[in-house]
Amino acid sequence: MRSLKQRKGFVVKSKRESPTSGRATAQPRFHQRAAEIQAYGTVNHLLRIELEEQVRLEITAQLNQLLADTMTLRDLYKKSHWQVAGPTFYQLHLLFDKHFDEQVELVDSIAERIQLLGGVSIAMAHDVAEMTRIERPPRGREEVPVQLSRLLEAHQVIIGEARKLARRAAELGDDGTNDLVVSEVLRRNELQAWFLSEHLVDAALIHANSARAVKG
Ligand SMILES: [Fe+2]
């Protein structure tokens with residue numbers, strides 16, 4: 001006797017179709033896992049870019065440190081953008097987001113440089129949190145001067161690393177990395193650090209400093 005499914009027109013198979021049968025199917029294959037195709041901390045060796053494997057290993061390791069710290073600074077800017085409070089809320093809210101967008105671009109440039117050199121870019125938040133040299137802020141909100149200080153200290157970490165890496169890349173003949181680090185990372189971080197620093201100058205807002213007031 002035919003089953004209910006057969007009577008309703010369903011095709012009933014006696015065995016489950018093997019996923020390795022090689023037959024084309026419209027069924028998406030979910031929940032797949034396999035071994036990595038390249039381990040973190042290695043470089044592949046078939047690139048025709050005239051840079052020795054040893055050079056690419058050293059440079060990609062340093063670029064990954066720069067990447068982890070740049071991703072942390074990027075996120076610190078978004079935290080500051082959301083949590084800022086006080087009379088300068090609006091201008092800082094906008095400034096922090098502008099700097100965030102610029103750091104997003106730097107993250108992509110650094111990560112793709114690592115891949116281009118045959119390496120593997122650090123990517124996920126928990127890996128970044130383990131690697132970064134930037135101090136972890138609390139989850140709660142902090143006052144503007146503290147936000148600015150944290151951001152400036154993060155810039156300082158990145159600027160220090162960028163200078164060191166740029167010199168080392170030049171020494172090893174990796175001009176592309178030197179150019180990226182100087183022209184994009186270093187210059188952008190220096191500029192952002194200047195914009196932040198000017199907010200920490202205790203300049204008069206309404207009343208000019210009386211000692212320097214012009215008489216007449
Ligand atoms: Fe926003």
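The side chains of Glu-142 and Arg-150 meet in a salt bridge, with N and O 2.6 Å apart. A salt bridge here is a side-chain nitrogen of Lys or Arg within 4 Å of a carboxyl oxygen of Asp or Glu. Arg-150 is buried, with a relative accessible area of 16%, whereas Glu-142 is partly exposed at 22%. The cut-offs for these words are under 20% relative accessible area for buried, over 50% for exposed, and in between for partly exposed, with a 1.4 Å probe and protein chains only.

The structure is a predicted model, in which local features need pLDDT of at least 70 and side-chain atom pairs count only at pLDDT 80 or more, while totals for chains, interfaces and linings use all residues. Residues are numbered from 1 along each chain as its sequence is written, and side-chain values use heavy atoms, with hydrogens and water left out.

**Overall make-up**

The protein has 6 helices and 0 strands, and from the N terminus on its elements run α-α-α-α-α-α. Helices (H or I, at least four residues) and strands (E, at least two) are DSSP runs, numbered from the N terminus. Of the 216 residues in the protein, 34% are buried.

**Salt bridges**

The whole structure holds 11 salt bridges. Three of them are set out below.

| Pair | Closest N and O atoms |
|---|---|
| Arg-168 and Glu-58 | 2.5 Å |
| Glu-142 and Arg-150 | 2.6 Å |
| Arg-74 and Asp-75 | 2.8 Å |

The pair of Arg-168 and Glu-58 links distant parts of the chain: Arg-168 is in helix H5 and Glu-58 in helix H2, 110 residues apart. Arg-168 is partly exposed, with a relative accessible area of 28%, and Glu-58 is partly exposed too, at 27%. Glu-58 and Arg-168 also belong to a network of salt bridges that takes in Glu-171.

In the pair of Arg-74 and Asp-75, Arg-74 counts as buried at 18% relative accessibility. Asp-75 is partly exposed, with a relative accessible area of 41%.

**The cavity**

A search of the whole structure finds 1 cavity of 30 Å³ or more. On a 1 Å grid over the protein atoms alone, a cavity is a set of points where a 1.4 Å probe fits but cannot get out, and lining residues have an atom within 4 Å of a point. The largest cavity has a volume of about 60 Å³; a volume is the space filled by probe spheres set on the points, which are joined across faces, edges and corners.

Glu-142 and Arg-150 are among the residues that line the largest cavity, and the others are Leu-76, Lys-79, Ser-80, Gln-83, Gly-140, Arg-141 and Gln-147. The elements that give two or more residues to this lining are helix H2 (53-83) and helix H5 (144-171). H2 gives the most, with 4 residues. By type, the lining divides into 1 nonpolar, 4 polar and 4 charged residues. Ala, Val, Leu, Ile, Met, Phe, Trp, Tyr, Cys and Pro count as nonpolar, Asp, Glu, Lys and Arg as charged, and the others, Gly among them, as polar.

**A nonpolar patch**

On the surface, Leu-47, Ile-49 and Leu-116 form a nonpolar patch with about 220 Å² of accessible area together. Patch residues have over 30% relative accessible area and no salt bridge, and nonpolar side chains (Val, Leu, Ile, Met, Phe, Trp, Tyr) are joined within 5 Å, like charges within 9 Å. Accessible areas come from the Shrake-Rupley method with a 1.4 Å probe, and for residues only the protein chains shown count as cover. Leu-47 lies in the loop between helix H1 (4-7) and H2. At 33% relative accessibility, Leu-47 counts as partly exposed.

Terms used:
1 Å grid on protein atoms, 1.4 Å probe; cavity = no way out; pocket = protein on both sides within 12 Å on 5 of 7 lines; lining within 4 Å.
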